[in-house]
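Trainee: Got a few minutes to walk through this model with me? I have some short questions.
Mentor: Sure, put it up.

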Protein chains: 2
Amino acid sequence: MAVTRRTSRDIRSESRLDVLHALLLAGEASRGDLVGVTGLSNATVATVVSDLIEGGLVIEARRTGGRVGRPTTSLRLNGNRGRIVGVDVAETYIRATVFDAALDELASAEVAADEHDDDADYVVDRIVSALDAAIGQAGVARADVLGVGISLPGGMAGWGGVSAVVPDATWPHVDRLRERIDLPIVIDNPLKAIATAELWFGEGRRHASMITINLGTGVGAGIVLEGTILRGATNFAGEWGHSLLALDGRQCRCGRKGCVEAYVGASGIQQTLAGIAPAHPLAAETTQREFIGALAAALEPPSPDPAVSETMDLTARYLGSAIADLVAIVNPEMITLTGWTAWALGGHLVPAVRRRVIEESPGDAAAGLAIEVSTVRGNSVATGIATIALERFLSDVGLVTTRLPTAL
Amino acid sequence: MAVTRRTSRDIRSESRLDVLHALLLAGEASRGDLVGVTGLSNATVATVVSDLIEGGLVIEARRTGGRVGRPTTSLRLNGNRGRIVGVDVAETYIRATVFDAALDELASAEVAADEHDDDADYVVDRIVSALDAAIGQAGVARADVLGVGISLPGGMAGWGGVSAVVPDATWPHVDRLRERIDLPIVIDNPLKAIATAELWFGEGRRHASMITINLGTGVGAGIVLEGTILRGATNFAGEWGHSLLALDGRQCRCGRKGCVEAYVGASGIQQTLAGIAPAHPLAAETTQREFIGALAAALEPPSPDPAVSETMDLTARYLGSAIADLVAIVNPEMITLTGWTAWALGGHLVPAVRRRVIEESPGDAAAGLAIEVSTVRGNSVATGIATIALERFLSDVGLVTTRLPTAL
DNA sequence: TGGATAAATCTAACCTTTAGAAAAACGGTT
DNA sequence: AACCGTTTTTCTAAAGGTTAGATTTATCCA
């Protein structure tokens with residue numbers, strides 16, 4: 001596939017996204033504020049805003065009379081334009097979250113999922129019931145739902161061996177899902193979701209390049225370059241969890257040996273602990289999220305568990321080395337950590353990881369690199385996949401013309 | 001650093017580059033041909049071409065009277081517009097190559113360099129003498145030289161520990177180099193050079209994403225995404241040679257342990273051979289390029305050396321696994337191999353590497369992936385760095401306005 | 001009622017692109 | 001020698017985009 005040509009229409013499309021994004025971040029802003037934030041001229045902002053008002057996405061909120069002079073009319077996103085739902089299908093749970101059109105969270109519902117049940121019918125059922133529960137809880141009419149984003153942990157294993165996120169090789173059950181849900185659907189994978197979340201709510205647009213790392217059952221990286229998500233040829237970009245940390249190392253659930261995930265994924269961390277203290281009670285914990293939560297608790301003063309501390313040190317080394325590889329290859333300006341492992345253990349891990357990355361990265365590649373726990377609010381997978389659904393809606397309405405290469 | 005805004009001028013700039021590139025590839029083409037190749041309208045092509053003719057870069061070559069109708073005026077790059085020199089500073093040699101403005105090679109000169117002498121004065125001297133020799137041999141007046149591109153293997157070690165390619169942290173001796181040469185100079189690193197070469201003479205523009213891998217003393221990857229070179233925050237992107245293949249593995253010259261380079265760099269391959277057959281005569285060869293050449297010779301039928309064959313198998317496994325990591329993270333459409341190791345051994349390595357990559361890449365990431373020896377003519381580092389110098393010249397003349405983020 | 005002032009809008013200029021009409025250049029035919 | 005058909009190249013008009021700067025609008029205050 002060759003590179004696509006850019007036309008002046010794309011510029012307008014980007015201007016619209018810029019304005020929307022600025023409004024989303026600011027909550028409320030005048031046209032003049034938007035000029036300052038976006039760097040666009042006041043004329044452009046005016047026309048873009050009137051497009052958005054016409055599309056019902058933006059409303060004039062109120063007039064703030066200053067001391068003197070014409071009062072400011074502040075603008076904000078029109079949350080009542082409709083509802084967006086994001087569904088985070090994880091290995092251990094399925095959670096559906098309802099947002100308004102300003103991407104403020106309204107309600108959410110979670111159903112447990114059997115980690116070992118790959119049956120498509122089962123998964124489709126669970127997705128539908130989580131979705132229905134969330135919509136019901138939010139008290140939203142189905143007709144108000146502008147779009148549903150579903151994040152499927154594609155790429156690896158299961159699901160009949162067929163990835164759900166490859167644009168060409170469709171997951172064979174998408175049609176059934178679409179039929180059952182009967183709303184506009186977008187499917188993508190969690191890495192693209194967290195990258196999108198970072199682009200709208202986090203560090204994505206403040207840096208020319210950034211990577212957000214997802215730490216949970218699985219491990220992966222959302223790569224954002226020049227404000228664009230790196231998807232790669234088959235939407236597999238960022239599957240860093242299945243890059244090598246150690247040749248012929250630990251067995252990974254993907255079949256390969258020595259993957260990053262086998263060391264810093266939740267069960268990898270447990271394996272590390274078991275290596276240090278085989279008889280440690282936490283080494284036998286069967287629920288991954290319980291295990292990670294217990295680790296965090298065991299580190300609290302006044303008496304941090306020494307085996308757990310050692311586990312954290314080793315995990316930080318593994319993670320630091322693996323991140324250094326990412327730095328060597330992509331050399332980003334900033335890295336954020338997200339996912340439930342990061343939320344629970346991030347504070348303990350970040351300083352050691354940072355040291356290790358600087359030590360291990362080639363030359364000065366990590367010189368100005370910032371590494372932080374992500375500031376994206378809430379569950380960044382759900383937020384991100386909902387944002388992708390919103391982008392898709394904007395595109396359907398014609399407010400955005402840039403091709404959005406989402407999967408399905 | 002935030003993302004920069006695109007204006008309509010950038011579009012014109014890109015159109016000019018597109019036309020130039022099409023002309024470079026075709027050698028000779030009419031305006032109509034260019035319309036077909038670039039996808040631009042005939043009006044745009046006409047204005048762009050007249051800009052380029054005015055700038056002296058393109059000339060109307062001749063009129064080819066067809067059977068009937070207005071005869072075609074074919075256009076081509078004006079080689080006589082001036083000369084460009086590319087200097088490939090490698091660990092073991094320094095080679096300067098003179099090109100005309102159509103990037104056809106005119107002459108080149110090589111001087112040996114001591115692999116272990118890092119002294120800046122020494123290196124500057126060698127660069128200057130290679131440059132002078134090449135210019136002399138080509139019989140070119142200094143005033144005709146539009147620019148000199150110098151590729152320095154920055155990033156790693158040596159050179160007083162300061163990287164030459166970090167835009168901000170200047171190599172302390174650049175000023176001296178500039179003073180001695182007294183011509184417009186651009187400095188960049190070889191990975192960016194081979195990526196540029198691939199963009200102008202190879203597969204770069206035919207694919208939305210591609211990676212070109214440099215195999216020589218050092219090892220690295222030039223990453224091309226959407227027709228743009230990935231540079232990263234500090235121009236270190238692509239230093240994949242110093243990403244991990246094996247945690248705590250072989251000692252690498254960069255100080256880290258287990259880098260890819262320590263396994264598939266020239267001396268890494270030698271180490272692999274020594275591991276298989278410690279007493280093998282080639283294991284004692286002291287010149288890297290001789291060693292690689294001898295390996296290729298030893299594989300020729302009718303009696304391929306079994307120890308060398310085994311070395312190749314193992315090297316292909318290492319290289320395949322390392323490339324699979326790149327595929328997991330970037331997921332490119334195509335990968336090319338370049339550098340003298342690839343030219344000598346590529347034919348033997350590629351099939352096994354390809355198998356290994358498909359086996360080791362996550363999911364279907366490598367499904368449609370092509371892996372080939374690069375088709376870029378000649379030394380792609382010299383060609384690429386010269387092309388960067390030409391781009392810089394175009395920018396100075398005002399024909400290209402897109403910021404070209406070269407180092408110095 | 002009439003300033004002073006700040007925000008929002010309008011205007012004109014300039015940039016790009018494309019589609020399609022018009023012009024140019026030539027061989028062959030009358 | 002004049003004309004015609006054909007093909008390539010150039011020109012023209014329309015549509016979109018952007019910006020800087022002038023103009024209008026809306027309010028408070030004297």
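**A walk through the model**

Trainee: Start with Ser30(B). Which residues does Ser30(B) touch, leaving out those up to four places away in sequence?
Mentor: Thr72(B), Thr73(B), Ser74(B) and Leu75(B). Keep in mind that this is a predicted model.

Trainee: Where does Ser30(B) sit in chain B?
Mentor: In the loop between helix H1 (8-26) and helix H2 (31-38) of chain B.

Trainee: Is Ser30(B) buried or exposed?
Mentor: Buried. Its relative accessibility is 9%, and the cut-off for buried is under 20%.

Trainee: What lies 3.2 Å from a polar atom of the Ser30(B) side chain?
Mentor: The backbone nitrogen of Gly32(B).

Trainee: Now the DNA. Which residues come nearest to strand C?
Mentor: Arg31(A), Gly69(A), Thr73(A), Arg12(B) and Ser15(B), out of the 24 residues around DNA strand C. On the DNA side, sugar and phosphate make up 69% of the strand C atoms that come within 4 Å of the protein.

Trainee: Which side chains have an N or O atom 3.0 Å from a phosphate oxygen of strand C?
Mentor: Ser41(B) is one, at 3.0 Å. Thr44(B) is another, also listed at 3.0 Å. For Ser15(B), the distance from a side-chain N or O atom to a phosphate oxygen of strand C is 2.7 Å.

Trainee: Which elements give two or more residues to that surface?
Mentor: From chain A, helix H2 (31-38), helix H3 (42-54) and strand S3 (72-77). From chain B, H1 and helix H3 (42-54). H1(B) gives the largest share, 4 residues.

Trainee: How do the residues near strand C divide by type?
Mentor: 12 are polar, 7 nonpolar and 5 charged.

Trainee: Switching topic. What rotation superposes chain A on chain B?
Mentor: 180 degrees, with 0.0 Å of shift along the axis and an RMSD of 0.1 Å. The two copies are therefore related as by a two-fold rotation axis.

Trainee: Which residue of chain A comes closest to that axis?
Mentor: Ala246(A). Its C-alpha is 2.1 Å from the axis.

Trainee: Why say the copies meet through the same surface?
Mentor: Because 100% of the interface residues of chain A are also interface residues in chain B.

Trainee: And the largest nonpolar core? How many residues does it have?
Mentor: It has 116. Those with the most contacts inside it are Ile213, Trp240 and Ile323, named in both chain A and chain B. Take Ile323(B): beyond four places in sequence, its contacts include Ile213(B), Trp240(B), Ile335(B) and Leu337(B). In soluble globular proteins, nonpolar side chains tend to be buried together.

Trainee: Any odd backbone spots?
Mentor: A few. Most residues other than glycine have a negative phi, and most peptide bonds are trans. The bond joining Pro301(A) and Pro302(A) is cis, with omega about 10 degrees. In chain B, the bond from Pro301(B) to Pro302(B) is cis, with omega near 10 degrees.

Trainee: Where is Pro302(A) found?
Mentor: In the loop between helix H9 (288-298) and helix H10 (306-330) of chain A.

Trainee: Which non-glycine residues have a positive phi of about 55 degrees?
Mentor: Asp182(A) is one of them. Asp248(B) is another.

Trainee: Are those two buried or exposed?
Mentor: Asp182(A) counts as exposed, at 62% relative accessibility. Asp248(B) is exposed, at 52%. Asp182(A) lies in the loop between helix H5 (174-181) and strand S8 (185-188) of chain A. Asp248(B) lies in the loop between strand S10 (228-229) and helix H7 (261-264) of chain B.

How values were computed: Residues numbered from 1 in each chain as written. Chains lettered and ligands numbered in written order. Predicted model: local features only at pLDDT ≥ 70, side-chain atom pairs only at ≥ 80, totals over all residues. Heavy atoms only, no water. Buried < 20%, exposed > 50% of the residue type's maximum accessible area, 1.4 Å probe, protein only. Polar contact = N/O pair within 3.5 Å; in protein donor to acceptor, adjacent residues only side chain to side chain. Contact = heavy atoms within 4.5 Å. Core = buried A, V, L, I, M, F, W, Y, C linked by side-chain atoms within 4.5 Å. Near = heavy atom within 4 Å. Nonpolar A, V, L, I, M, F, W, Y, C, P; charged D, E, K, R; others polar. Least-squares fit on C-alpha atoms with pLDDT ≥ 70 in both.
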